[in-house]
Amino acid sequence: MYSPERRREYQKEYYHAHTEKLQVRAKEAHRNLRRRVIEMFGGKCVYCGFSDSRALQIDHKDGCGHAERKATSKASYRWYQDLLSNPQDSKTKYQLLCANCNFIKRHTHNEVPGPKSRC
Ligand SMILES: [Zn+2]
């Protein structure tokens with residue numbers, strides 16, 4: 001007979017017995033999701049065209065992304081799912097930048113946390 005407690009117990013035992021395999025699987029799922037998000041945004045920095053995904057970042061066009069992330073406190077996996085669920089909306093709010101262009105944009109628009117920050 002089904003019991004929620006027994007099911008939780010089984011899941012706990014399964015997790016402990018297969019921790020490494022499950023962590024590898026979770027990392028792959030996260031990597032695939034990130035790849036899909038990067039593809040959705042065109043696969044390259046909109047400022048300079050850099051396309052190495054290791055240094056690509058999703059930028060909030062209006063700036064102050066860290067404030068939004070702090071307010072919603074979403075894990076990146078959940079945030080990526082949200083971005084993919086509504087591509088049109090995502091593309092109006094966000095863009096793909098390489099790390100260099102993103103940091104330069106932050107400084108240019110006073111988005112760096114601190115006393116002079118506009119965020
Ligand atoms: Zn760039």
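## A residue out in the open

Let's start with Ala 29, which counts as exposed because it has 11 C-beta neighbours inside 10 Å, and the cut-off for exposed is 12 or fewer. Keep in mind that this is a predicted model.

Where does Ala 29 sit? Its place is in helix 2. Now look along the chain to Tyr 77: the two are 48 residues apart in sequence, yet their C-alpha atoms are 9.0 Å apart in space.

## Helix 2 on its own

Helix 2 covers residues 19–40. At 1.5 Å a residue, its 22 residues should span 32 Å, and the end C-alpha atoms are indeed 32 Å apart, so the two values agree.

How many of the 22 residues of helix 2 are buried? The count is 1, so you can call this helix hardly covered. Just after helix 2 comes Gly 42, with a positive phi near 100°.

## Helix 2 meets helix 4

Next, follow helix 2 to its partner, helix 4. The axes of these two helices come within 10 Å and cross at roughly 35°, and the crossing is left-handed.

Which residues do the meeting? From helix 2 come His 30, Leu 33, Arg 34, Arg 36, Val 37 and Met 40. Helix 4 answers with Tyr 77, Tyr 80, Gln 81, Leu 83 and Leu 84. Sorted by type, the residues of this contact are 7 nonpolar, 2 polar and 2 charged.

When you look at the helix 2 side, one rule of thumb is handy. An α-helix has 3.6 residues a turn, so residues three or four places apart point the same way.

## The core

The largest nonpolar core has 11 residues: Val 37, Phe 41, Cys 45, Leu 56, Ile 58, Tyr 80, Leu 83, Leu 96, Leu 97, Cys 98 and Cys 101. Strand 1 (56–60), helix 4 (76–85) and strand 2 (94–98) each bring at least two residues to this core. Strand 2 gives the largest share, with 3 residues.

Val 37, Tyr 80 and Leu 83 are core members, and they also turn up in the contact of helix 2 with helix 4. Another core member to click on is Cys 98. Leaving out residues up to four places away in sequence, Cys 98 touches Cys 45, Cys 48, Phe 50, Ala 55 and Leu 56.

## An unusual backbone angle

Most residues other than glycine have a negative phi. Asn 110 is not a glycine, but its phi is positive, about 50°.

You'll find Asn 110 in the segment after helix 6 (99–108). Is Asn 110 buried or exposed? Neither, quite: with 13 other C-beta atoms within 10 Å, Asn 110 is partly exposed.

How values were computed:
Residues are numbered from 1 along each chain as its sequence is written. This is a predicted model: local features need pLDDT of at least 70, side-chain atom pairs count only at pLDDT 80 or more; totals for chains, interfaces and linings use all residues. A nonpolar core is a set of buried Ala, Val, Leu, Ile, Met, Phe, Trp, Tyr and Cys residues joined through C-beta atoms within 7 Å. A residue is buried if 20 or more other C-beta atoms lie within 10 Å of its own, exposed if 12 or fewer, and partly exposed in between; C-beta atoms are placed from the backbone. Helices (H or I, at least four residues) and strands (E, at least two) are DSSP runs, numbered from the N terminus. Two residues are in contact if their C-beta atoms, placed from the backbone, lie within 7 Å. Axes are lines fitted to C-alpha atoms, for helices over the stretch in contact, and angles run from 0 to 180 degrees between N-to-C directions. A crossing is left-handed if the near helix is turned anticlockwise from the far one by less than a right angle, and right-handed if clockwise. Ala, Val, Leu, Ile, Met, Phe, Trp, Tyr, Cys and Pro count as nonpolar, Asp, Glu, Lys and Arg as charged, and the others, Gly among them, as polar. The expected span of a helix is 1.5 Å times one less than its number of residues.
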